[in-house]
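Trainee: Please take a close look with me at one part of this model, the surroundings of the ligand, and lead up to it by way of the backbone. I would like a connected account that I can follow step by step.

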Amino acid sequence: MTSRGDATNGSHLPAVESSTPSSFHALVLDTFDSLQRQSQIFYAPYENIKHVSTTFPAVFQVAPHLNRKPVLAADAPERRSNNAKVNPFANPDPAFVLPFQCTTHTLMLNKYCVYRPQLLLVTKQYRPQHEALDAGDVKAAWDLMTQLEGEALDSDRPTGSTQGVSPPQRSPRQRWLAFYNCGAEAGSSQGHKHVQVVPRPETHEISFELFPETATSTTTVAANIDSIPHKHFVLRLPDNIGSDAAVEAYNRLLQSMRTFFNEQGWRNHNGVTDPPHNVVFTKDWICLIPRRSSGMERYAMANAMGMIGVFGVTHPAQVPSFTEDWGSLDEHMAYLGFPAD
Ligand code: AMP
């Protein structure tokens, strides 16, 4: 069954045409739309192909324009270079840069994107993408999501009501999701450290609940969520926490994942000190997923989004590479990551 992704993903603030956008979110959308009109950003509404499963439900988001996205080979020297000629994040194109106050990261728009908008937080100083996130990375993404979600709340708030008349319906709040692909095996395509922030795929759009959403404990790490075929480490986050508490939860999960990799016999090599993994987080939960393969050799690649069941593909004909050619989707997930216990 297919459905078409809405260009605004359902609940964005309307883009404003005036020269003074009403919010940061509106400014982001204005900049995005303007770059898209100039064919500087490659974006089109995508088609959702749902994969119905009793174990790992998934959706394949078909975005043909992603064919244009450059993907550096795992051992490409460009991954380790801070030269602006080969590293698009060394000296970001000013037209793509957004005015986000942050001492450690530059906020910019992703050029080859599935979502409107798709945001990149790139480190101001070159850091390699095979390094685990540090406190500064998590805080930058957390602060960005807090700003965007706070704005959506304010602008959705009804401005007043007349006695006896129902207040206008509040549109659903736009929620955000941050993800990180640590290392080439985790599905990253560039080597300069960057976190992506996108509108959170909601159940009404993808027809299933993202599995980290089902983790209930804020203290005990969920490492065996029912029927998920691949290893994961998830913590729910208490409501209204600040970025320090989010970093604390992240560090606990990182420790659990490192212990797991040590048990697997993983060792530092070629200057790579962190094992390949994905991080996905929202204001409600954080999830880490250890990786063994990007899936490139099977023509069935997944980044962090794929590992929570939201795959980006460029053609519907690619879907069987995930769901049939190498066994079931569950088998493929265990190959990309590690089999669940
Ligand atoms: P990842 O695949 O996680 O390494 O993310 C890198 C992202 O950078 C991809 O999603 C690309 O679409 C995006 N990208 C590549 N080149 C550029 C560029 N010149 N400007 C903006 N975004 C880019």
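Mentor: A residue counts as exposed when its relative accessible area is over 50%, as buried when that value is under 20%, and as partly exposed in between. Please keep in mind throughout that this is a predicted model. With the cut-off in hand, we can turn to Y299, which has a relative accessibility of 66% and therefore counts as exposed. Y299 is found in the loop that runs between β11 (285-290) and α5 (304-307), and its phi is positive, about 55 degrees, although the residue is not a glycine. That deserves a second look, because most residues other than glycine have a negative phi.

S207 invites the same kind of reading, for here too phi is positive, at about 70 degrees, in a residue that is not a glycine. S207 belongs to the loop between α3 (203-206) and β9 (233-236), and its relative accessibility is 45%, so S207 counts as partly exposed.

Another feature of the backbone concerns a peptide bond, and most peptide bonds are trans. The bond that joins R116 and P117, however, is cis, with an omega of about -5 degrees. P117 sits in the loop between β5 and β6 (119-123), and β5 will now lead us to the ligand.

β5 (105-109) supplies at least two residues of the shell around the ligand, and β8 (194-199) likewise supplies at least two. The ligand has 16 residues around it, and those that come nearest are N110, N181, S189, H194 and Q196. When the residues of this shell are sorted by character, 6 are nonpolar, 8 are polar and 2 are charged. The space that the ligand takes up is the largest pocket.

Looking at individual atoms makes the picture more concrete. S189 places a polar side-chain atom 2.6 Å from an oxygen atom of the ligand, and N181 has a polar side-chain atom 2.8 Å from an oxygen atom of the ligand. With K111, by contrast, a polar atom of the backbone is involved, and a nitrogen atom of the ligand lies 3.2 Å from it. Taken alone, the ligand would expose 500 Å², and the protein buries 92% of that area.

Definitions and conventions: Residues are numbered from 1 along each chain as its sequence is written. This is a predicted model: local features need pLDDT of at least 70, side-chain atom pairs count only at pLDDT 80 or more; totals for chains, interfaces and linings use all residues. Side-chain values use heavy atoms; hydrogens and water are left out. A residue is near a molecule or strand if one of its heavy atoms lies within 4 Å of it. A polar contact is a pair of N or O atoms within 3.5 Å; within protein, one must be able to donate a hydrogen and the other to accept it, and residues adjacent in sequence count only if both atoms are side-chain atoms. Accessible areas come from the Shrake-Rupley method with a 1.4 Å probe; for residues, only the protein chains shown count as cover. On a 1 Å grid over the protein atoms alone, a cavity is a set of points where a 1.4 Å probe fits but cannot get out, and a pocket is an open set with protein on both sides within 12 Å along at least five of seven lines; lining residues have an atom within 4 Å of a point. A molecule sits in a cavity or pocket if more than half of its atoms lie within 2 Å of its grid points. Helices (H or I, at least four residues) and strands (E, at least two) are DSSP runs, numbered from the N terminus. Ala, Val, Leu, Ile, Met, Phe, Trp, Tyr, Cys and Pro count as nonpolar, Asp, Glu, Lys and Arg as charged, and the others, Gly among them, as polar. Buried means under 20% relative accessible area, exposed over 50%, partly exposed in between (1.4 Å probe, protein chains only).
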